[in-house]
Amino acid sequence: MELTLAGPVVLELNGQKLASAREVRCRCTRESREIRAFGEAEPVAVLQGAPRYRIELTRVFLRGNTLPFSGLSDFRLSVSHGGRRVTYSGCEWREIESGGEAGTPGVLERAVLTAARRTEEESGE
């Protein structure tokens with residue numbers, strides 16, 4: 001499953017509004033593993049792993065000039081757009097690209113995060 005939201009998209013980190021992004025793309029994956037009995041050609045069962053989420057933020061405009069992704073672990077990211085709020089928890093950052101050719105302060109060209117859980121609700125905005 002892949003979901004793309006075109007901006008402006010409001011981002012909250014651990015409940016604090018900190019940025020907006022031009023685009024947010026989320027891909028959900030889940031691994032499975034076959035269980036085979038000795039001598040059997042077909043698997044006897046398939047174990048499903050937990051879903052994992054990969055969130056890619058494009059052109060992130062920060063409210064301050066810095067975003068402390070590099071110092072964060074197991075954080076919560078909420079994305080608000082079109083009256084909906086999607087919250088990703090158990091987040092870890094994977095990649096961060098700073099802004100523009102001249103390294104524009106307060107702008108990230110791209111940030112990639114992974115998350116363990118996802119919830120969705122009406123935001124009332």
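What percentage of the 125 residues in the chain is buried? I began with this figure and found that buried residues account for 34% of the 125. I note at the outset that the model is a predicted one.

**Entry 1. Overall make-up**

I looked up the secondary structure next. The chain holds nine strands and zero helices. Read from the N terminus, the order of elements is β-β-β-β-β-β-β-β-β. I then turned to the contacts with a separation of 6 or more, and recorded that 58% of them join residues 24 or more positions apart. For the surface, I noted an accessible area of about 7700 Å², with 47% of it belonging to carbon and sulfur atoms.

**Entry 2. The nonpolar core**

I looked up the largest nonpolar core and found 24 residues in it. The members that touch the most other members are Leu-11, Val-24, Ile-55, Leu-57, Val-60, Leu-77 and Tyr-88. Two or more residues come to this core from each of S1, strand S2 (16-29), S5, strand S6 (75-81), S7 and S8.

I followed Leu-77 further. Setting aside neighbours within four places in sequence, I listed its contacts as Leu-11, Glu-12, Ile-55, Leu-57, Val-86, Thr-87, Tyr-88, Cys-91 and Leu-113. I marked Glu-12 in that list for the next entry.

**Entry 3. Salt bridges**

How many salt bridges does a search of the whole structure find? I recorded eleven.

I examined the pair Arg-85 and Glu-12, whose closest N and O atoms are 3.1 Å apart. Arg-85 belongs to strand S7 (residues 84-98) and Glu-12 to strand S1 (residues 2-13), so this salt bridge ties together parts that are 73 residues apart in sequence. Is Glu-12 buried or exposed? I read 7% relative accessibility for Glu-12, which therefore counts as buried.

I next took Glu-109 and Arg-59, whose side chains meet in a salt bridge at 2.1 Å, N to O. This pair links distant parts of the chain, with Glu-109 in strand S8 (residues 107-115) and Arg-59 in strand S5 (residues 52-62), 50 residues apart. Glu-109 has 25% relative accessibility and counts as partly exposed. Arg-59, at 21%, also counts as partly exposed; the cut-off for buried is under 20%.

I also looked up Arg-25 and Glu-23, where the salt bridge spans 3.7 Å from N to O. Arg-25 is partly exposed at 33% relative accessibility, and Glu-23 is partly exposed at 25%.

**Entry 4. A network around Glu-56**

Which residues are linked in a network of salt bridges? I listed Arg-54, Glu-56, Glu-95, Glu-97 and Arg-110.

I chose Glu-56 for a closer look and placed this residue in strand S5. Its relative accessibility is 15%, so Glu-56 counts as buried. The side chains of Glu-56 and Arg-54 are joined by a polar contact of 3.3 Å. Not counting residues up to four places away in sequence, I found that Glu-56 touches Glu-23, Val-24, Arg-25, Arg-110, Ala-111 and Val-112. Among these, Arg-110 is a member of the network, Val-24 is one of the core residues that touch the most other members, and Glu-23 and Arg-25 form the salt bridge recorded in Entry 3.

Terms used
Residues numbered from 1 in each chain as written. Predicted model: local features only at pLDDT ≥ 70, side-chain atom pairs only at ≥ 80, totals over all residues. Heavy atoms only, no water. Helix = DSSP H or I, 4+ residues; strand = E, 2+ residues; numbered from the N terminus. Buried < 20%, exposed > 50% of the residue type's maximum accessible area, 1.4 Å probe, protein only. Contact = heavy atoms within 4.5 Å. Areas by Shrake-Rupley, 256 points an atom, 1.4 Å probe, with all protein chains shown as cover. Salt bridge = Lys/Arg side-chain N within 4 Å of Asp/Glu carboxyl O. Core = buried A, V, L, I, M, F, W, Y, C linked by side-chain atoms within 4.5 Å. Polar contact = N/O pair within 3.5 Å; in protein donor to acceptor, adjacent residues only side chain to side chain.
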